[in-house]
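Q: I'm new to this structure and would like a close look at one part of it. Could you walk me through its aromatic rings?

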Amino acid sequence: MSHVLDRTAQTDVPILDVLAERWSTRVFDAEAPIDEDALRAALEAARWSPSANNSQPWRFLLARRGTDAHAQIVGSLVGFNQGWAPAAGALLVILAETADEEGNARPWATYDAGQTAAFFTVEAHARGLATHTMGGFSPDDLRTAFDIEERFTPVTVIAVGAFGDLDTADEAVRSRESAPRVRRPLAESLLLDA
């Protein structure tokens, strides 16, 4: 029997269910095809995330499991990520357009790219897809593999697919997946609450 954990956050104040229930798994079903309708909806949500002056300074590289592009993105991952991420149905690289075509800096682009990643993960979760956003990757490897222009900065790689069976994961992954979800108290994040 498949063992998928309930990882709903124990919040101090009620928040939207889709936010409390969303978490970053490292256990994907390596055999399940990606739900293309759910994936397309998550990409559409990302497209509609806010951006400074509606500049939309993000671009996406999407690679499905079994493709050369997927293998190249896996090759850019570092450390622990290379062990579990290949099972994801797709890998999404989010790029920030940190300079426009004329070379003018876009200092807000990385923030906006982060928002598009958040919109993607929330919509994906709402539609039954699992996600895990990663910072452990080599931007230079991605630049080389996909001939990415200098004005675009790889910000994150998101693994997306069907939840896998925790019982089939190796011990290191099971340990991380089973650890309690914790956040510091809100009061420690609020530097000013006037």
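How many aromatic pairs does the count come to?

A: Happy to help! Please keep in mind that this is a predicted model. The count comes to two aromatic pairs, and one of them makes a good place to look closely. A pair of aromatic rings is described by the distance of the centres and the angle of the planes. For Phe28 and Trp84, the ring centres lie 6.1 Å apart and the planes meet at 15°; since planes under 30 degrees apart count as stacked, this pair is stacked.

Now find the two partners along the chain. Phe28 sits in the loop between helix H1 (17-21) and helix H2 (36-47), while Trp84 belongs to helix H4 (residues 81-84). They are 56 residues apart, so the pair links distant parts of the chain.

Next, are these two residues buried or exposed? Buried means under 20% relative accessible area. Phe28 has 7% and is therefore buried, and Trp84, at 4%, counts as buried too.

Stepping back, the wider setting looks like this. Of the 194 residues of the protein, 41% count as buried. Among contacts with a separation of 6 or more, 76% come from residues 24 or more positions apart. The protein has eight helices and four strands, in the order α-α-β-α-α-β-α-β-α-β-α-α from the N terminus. Its radius of gyration is 17 Å, which agrees with the value near 16 Å for a compact globule with 194 residues.

Notes: Residues are numbered from 1 along each chain as its sequence is written. This is a predicted model: local features need pLDDT of at least 70, side-chain atom pairs count only at pLDDT 80 or more; totals for chains, interfaces and linings use all residues. Side-chain values use heavy atoms; hydrogens and water are left out. Helices (H or I, at least four residues) and strands (E, at least two) are DSSP runs, numbered from the N terminus. The radius of gyration is taken over C-alpha atoms; the globule rule is 2.2 Å times the number of residues to the power 0.38. Buried means under 20% relative accessible area, exposed over 50%, partly exposed in between (1.4 Å probe, protein chains only). Contact means heavy atoms within 4.5 Å. Rings of Phe, Tyr and Trp (its six-membered ring) pair if their centres lie within 6.5 Å; planes under 30 degrees apart count as stacked, over 60 as edge-to-face and the rest as tilted.
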